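Reader: I am new to this one and would like a guided look. Could we go through it together, one question at a time?

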Amino acid sequence: MSGLELTDVVVEYERRGLPPVRAVAGASLDVQRGAIVGLVGESGCGKSTLARAAVGMVAPHSGTIRFEGQEVKPLTRGARPHDQVRLQMVFQNPFSSLNPRRRVGEQIGDALAVLGLASRSQRATRIAQLLGQVGLPEAAARGYPHQFSGGQRQRIAIARALAASPSVIVLDEPLASLDASAQAQIANLLVELARELELGLLLISHDLAIVRHVADTVAVMYLGRIAETAPARELWAKPLHPYSEALIGAVPHADGSGTMPEALPGEVPDPSRPPPGCRFHPRCSYAFDRCRSDEPALIGLAPARSAACWLQRPGAPLEAPSIQSASRLARPGAAQ
Amino acid sequence: MSLLDVDGLRVRLQTPDGAATVVDGIDYRVEPGEVFGIAGESGSGKTMSVLALMGLLPQAAAVEGRAVFDGQDLLRLPPSKLRRICGRELAMVFQDPMTSLHPMLSIGTQLTDHVRLHLGLGRRAAAELAVEALREVRIPDPESTLKAFPHQFSGGMRQRIAIAVALACRPKLLVADEPTTALDVTVQAGIIRLLDRLRNESGLTIVLITHDLGVLSSIADRVAVFYAGRVVETGRRPDILGHPRHPYTRGLLDALPHPEAAATPLIAIQGAPPTPRHVPPGCAFHPRCAYARPSCAEAIPPLVPVNGRALACPVDPLRTGAPS
């Protein structure tokens, strides 16, 4: 059965007296069971909004969100519809997503109790099992969140999401607030869980380097739209969209060599007034006339690879963006 | 002569559960014109060790040792004298420009108040200096920026403004505490390049505190790695980050996603760093260390010079080989 499918999702935030902010301006994503999909981009690109829309926390303006074939309805004050409990979410900050005044075991047990997934007598066993799955000892159930480190707290938050026996988990920056060693531990845990429990994971992150290690495929988002999707390694080896290239070039290398990361000029524009043409063109070093007037669509270029860039043409050999190809295309009468 | 010479710095904080030693005997020197990087995970005492220098710790904190900045021991200066140095000769940039800039004061006010106080300039002269400071950190249209408020800027621009505030009095030393942690990588790259340019063009000395070894690798000249309030390894950047010898430095580097490496999974250090109140005996890292020997649990290894670096590990795995 299919996992989580987002098709042409548009999310708008209304503002009093001002035009609405289109945080997600038509984005499609597909998270199958057992696959880890990374969603990366700068802050303000709409990735968190898309994650929230995916689990029904904000209502899309248009487009469809389907989970296991059923439409995901925006959450109301009532309980999550029963056919959607297998779609779970983990938040960035485990300091605020866990209740500081309740024991870890109780917080995990809540999910089991509410969903009727384990009888009272089985609950302790199931809690111990869930803690074991995230690499915590059984005794952790009796502790309070403040007794754990950031990485352990994130494990607890993941265990709580696992309590509902999910098939897909959306994780919004689950690694961002962690130190390097805890980050590596949680990253490895996510990969293990996805493989063992055949979970689909949608991993939202601003850190392309860690996503490359964790995700199978990566979607790069810019100003509410997907700029490129590719298998994680291929994206790193040969980015097809200038924005992906810029994100990769900005990652500093911890090898002691003293190489400077590449800065991307400019900033993410105001999403209520996106630039005409390609949304990235004001910051793109390859932009030519067409980029300023026509918006490129996300087109498939090779198996599992697509990009929304006028420099790429279907059927042409895959080439990283370059000044040469841009000037070739910019010539009047050049191949369209 | 070193611009900053920290010797035996020890900080004890009073917590509701009793005293905790958060910085436990730290020595380092910062030479004029260099970028000195302090690396380590949260709770390793990086920030506390520099807050102590500026007298920014809570009253109940007990600080020992010496911190000679430009010929004066900062830890023994009366508060009024310390205040004259901090902000003027010794300036700081914090992690989060959302909180370090005042939301209700214009950029102009925040850029000129301390300039007028420290340098005794008039309103107009201070404004001119502020415009220049903003130009130096590459803020477009500095004149109208002076009238604007922090919320009108993005995170990266705000951090540039915070750096301009710190540099307005032309300090000798800039302490930057996680200046890029709250920023996107693309913006981070711009801030790293900015700091590098300031160092090259105006001979600014920078103490850069960050948990991000990639950032240090781009810009630091020398690096000190902190663990549980102590320096475990320090030396020149290419040595420490290119050829780490302390198992902790090594572990931190191995845990990073490496752009060129094909390997998944990442190699994580097991366990979590200790809290200041429960630091293990002996080498604080030994419970997490793959190379630990029984002797590691007994005595705290001193930081000793080894081939141009200083290392607090008697096992020195690179010399002795793989874990036994």
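Reader: Which residue just after α1(B) takes a positive phi?

Author: Happy to start there, and please keep in mind that this is a predicted model. Helix α1 of chain B covers residues 46-53. Just after α1(B) comes a residue with a positive phi of about 65°, and that residue is Gly55(B).

Reader: How many of the 8 residues of helix α1 of chain B are buried?

Author: A residue counts as buried if 20 or more other C-beta atoms lie within 10 Å of its own. In α1(B), the residues that pass are Lys46(B), Thr47(B), Met48(B), Ser49(B), Val50(B), Ala52(B) and Leu53(B). The helix is therefore largely enclosed by the rest of the structure, and the number of buried residues is 7.

Reader: Is Pro79(B) buried or exposed?

Author: Pro79(B) is found in helix α2 of chain B, which runs over residues 79-85. A residue is exposed if 12 or fewer other C-beta atoms lie within 10 Å of its own. Pro79(B) has 8 such neighbours, so this residue is exposed.

Reader: What separates the C-alpha atoms of Pro79(B) and Pro281(B)?

Author: Along the chain, Pro79(B) and Pro281(B) are 202 residues apart. In space, the separation of their C-alpha atoms is 36 Å.

Reader: What is the radius of gyration of chain B, and why does it agree with a compact globule?

Author: Along its principal axes, the C-alpha trace of chain B spans about 70 × 50 × 40 Å. Its secondary structure comes to 12 helices and 12 strands, and buried residues make up 48% of the chain. For 324 residues, a compact globule would have a radius of gyration near 20 Å, so chain B agrees with its value of 21 Å.

Reader: What share of the contacts in chain B between residues at least 6 apart in sequence join residues at least 24 apart?

Author: Here we set aside pairs under 6 apart in sequence and look at the remaining contacts in chain B. The part of them that joins residues at least 24 apart is 64%.

Reader: How do α7(B) and α8(B) lie, roughly parallel or roughly antiparallel?

Author: Helix α7 (residues 155-167) and helix α8 (residues 185-202) of chain B have axes 9 Å apart. They pack at an angle of about 20°, and angles under 35 degrees count as roughly parallel. Their crossing is right-handed. That angle makes α7(B), relative to α8(B), roughly parallel.

Reader: Which residues in α8(B) meet α7(B)?

Author: From α7(B) come Gly155(B), Gly156(B), Gln159(B), Arg160(B) and Ile163(B). By class, this contact has 4 nonpolar, 4 polar and 1 charged residues. The partners in α8(B) are Val187(B), Gly190(B), Ile191(B) and Leu194(B).

Reader: Over in chain A, which residues in α5(A) meet α3(A)?

Author: The axes of α3(A), residues 104-115, and α5(A) come within 8 Å and cross at roughly 25°, which makes α3(A) roughly parallel to α5(A). The crossing is right-handed. Val104(A), Gln107(A), Ile108(A) and Ala111(A) in α3(A) take part, and they meet Ile156(A), Ala159(A) and Arg160(A).

Reader: Which element gives the largest share of the side of chain A that touches chain B?

Author: The contact takes 38 residues from chain A and 38 residues from chain B. On the chain A side, the elements that give two or more residues are α5, α6, α7 and α9 of chain A. The residues of that side divide into 18 nonpolar, 14 polar and 6 charged. The largest share, 8 residues, comes from α6(A).

Terms used. Residues are numbered from 1 along each chain as its sequence is written. Chains are lettered from A and ligands numbered from 1 in the order in which they are written. This is a predicted model: local features need pLDDT of at least 70, side-chain atom pairs count only at pLDDT 80 or more; totals for chains, interfaces and linings use all residues. Helices (H or I, at least four residues) and strands (E, at least two) are DSSP runs, numbered from the N terminus. The radius of gyration is taken over C-alpha atoms; the globule rule is 2.2 Å times the number of residues to the power 0.38. Two residues are in contact if their C-beta atoms, placed from the backbone, lie within 7 Å. Axes are lines fitted to C-alpha atoms, for helices over the stretch in contact, and angles run from 0 to 180 degrees between N-to-C directions. Angles under 35 degrees count as roughly parallel, over 145 as roughly antiparallel, 65 to 115 as roughly perpendicular and the rest as oblique. A crossing is left-handed if the near helix is turned anticlockwise from the far one by less than a right angle, and right-handed if clockwise. Ala, Val, Leu, Ile, Met, Phe, Trp, Tyr, Cys and Pro count as nonpolar, Asp, Glu, Lys and Arg as charged, and the others, Gly among them, as polar.
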